[in-house]
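The following exercises concern one protein structure. Each consists of a task and a solution that proceeds step by step.

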Amino acid sequence: MTDKPQLTRHDVSPAAADRDRGTGAPSTEVDVVIIGGGPAGLSAALNLGRARASVVLLDAGRPRNAATLRSHGFLTRDGVPPLELRKLARAELAAYPNVQVFDRTVVTALQERDCGEGLRFLAALQGRGAGIPPAVSARSVLVATGLRETLPAIPSLRAFYGMTVFSCAACDAWELQDRRLALIGETRDLAARARLIARWTDKLTVFTNGTDAVDTVEEAELAASGIVVERRVIDDLEGDRGTVTAVRLVDGVRVEIDGGFVRPQWHPALDFVGGIDLERDGFGNLVTDRSGRTSVPGLYAAGDAASPGPQQLIVAAGQGARAAAVLVHDLVGVSTAH
């Protein structure tokens, strides 16, 4: 009778760790490295911890939603600040000694290596906290790094972002319903986003900021729904203490608003996987199956880093939990088929 594979953890001795710092060899070996400390990564860490997997979670400490005062749509936590949600999750992880969290730590490179007992992943680390090893070796990796975002170049936009100007209609439109709203963006999906936001208000103006983000056919369709398209360049936003009151155009015209949405341009935070041939979609996000498996065995993705990209917090957390369950099955060679 053959024993089933076991989930194990191997920590090297302090002397070996010191030696490895000089050679670039890994100083810690675990079952799973999770790269990213947002909802997807935290949810995966919790579920992997409960499955007795040895886990290292790496958190760079730069969440995309750091400017948001309240997060919405997360069952039992509707309206909680995103940072508070992360704090609660981290407190729960503290109950699992097989889960280590390294704060302010980024992966500078991720490589596949043949260690004689099969392929392992080696993550080279760079961190500011105490006790962070130079690298971590793992049987599996879950990428949950999310996205970086670039906002339109409007001087005061950041002063209102996350308070009265948002990027996610599903997350924040309820609080702005029936008000005079702006939608600011420069991407070709702007008309589609306008039709979505119009579900919450009939007083919507779309600002293309001098670009051709909305074509003439789309403009006519939006006008038929009562949505105004403003093509002039935006000079700045007006308001006080996070409350936006107007969009000021380059010719001095002011369009009064009570809030709004902006369409950022999103970029996957995946520079560290450059040496691994991973399938990506047209936006650079990692392509996965419904269980979070990427095109490279042993490497999984969840949350915004996975196609199709930006997700609500609860969806990202669900993806992390699903990927964790499948990852454990894969580690021990058990089929996930039902």
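**Exercise 1. Describe how strand 13 and strand 14 pair, and what lies in the hairpin.**

Solution. Step 1: strand 13 (residues 234-240) and strand 14 (residues 243-249) run antiparallel to each other and are joined over six bridges. Strands pair here if DSSP finds at least two bridges between them; helices (H or I, at least four residues) and strands (E, at least two) are DSSP runs, numbered from the N terminus. Step 2: Gly239 has Val244 in strand 14 as its bridge partner. Step 3: two residues lie between the strands of this hairpin, and Arg241 adopts a positive phi near 50° there.

A note on the source: this is a predicted model, in which local features need pLDDT of at least 70 and side-chain atom pairs count only at pLDDT 80 or more, while totals for chains, interfaces and linings use all residues. Residues are numbered from 1 along each chain as its sequence is written, and side-chain values use heavy atoms, with hydrogens and water left out.

**Exercise 2. Identify the buried residues of helix 6 and state what covers them.**

Solution. Step 1: in helix 6 (residues 190-197), the buried residues are Leu190, Ala191, Ala194 and Ile197. Buried means under 20% relative accessible area, exposed over 50%, and partly exposed in between (1.4 Å probe, protein chains only). Step 2: these residues lie on the same side of helix 6, because they cover an arc of only 120° around the axis; the arc is that of the directions from the helix axis to the C-beta atoms. Step 3: the elements that cover them include helix 5 (169-172), strand 10 (181-184), strand 11 (204-207), helix 7 (216-224) and strand 16 (259-262), where contact means heavy atoms within 4.5 Å.

**Exercise 3. Determine which parts of the chain the salt bridge of Arg180 and Glu256 ties together.**

Solution. Step 1: a salt bridge is a side-chain nitrogen of Lys or Arg within 4 Å of a carboxyl oxygen of Asp or Glu, and the count by this rule is 23. Step 2: in the salt bridge of Arg180 with Glu256, the closest N and O atoms are 3.2 Å apart. Step 3: Arg180 is in the loop between helix 5 and strand 10, whereas Glu256 is in strand 15 (residues 254-256), so the pair ties together parts 76 residues apart in sequence. Step 4: Arg180 is partly exposed at 32% relative accessibility, and Glu256 is partly exposed at 44%. Step 5: both belong to a network of salt bridges that also links Asp235, Glu238, Arg248, Arg254 and Asp258.

**Exercise 4. Is each partner in the salt bridge of Arg188 and Glu218 buried or partly exposed?**

Solution. Step 1: the side chains of Arg188 and Glu218 meet at 3.6 Å, N to O. Step 2: the pair links distant parts of the chain, 30 residues apart, with Arg188 in the loop between strand 10 and helix 6 and Glu218 in helix 7. Step 3: Arg188 is partly exposed, its relative accessible area being 47%, whereas Glu218 is buried, at 15%.

**Exercise 5. How many disulfides does the structure hold, and which cysteines form a disulfide?**

Solution. Step 1: a disulfide is a covalent bond between the sulfur atoms of two cysteines, and the cut-off is a pair of cysteine sulfur atoms within 2.5 Å. Step 2: the structure holds one disulfide. Step 3: Cys168 and Cys171 form a disulfide, with their sulfur atoms 2.4 Å apart. Step 4: the torsion about the S-S bond of Cys168 and Cys171 is about 70°, so the disulfide is right-handed. Step 5: Cys168 is partly exposed at 23% relative accessible area, and Cys171 is buried at 16%.
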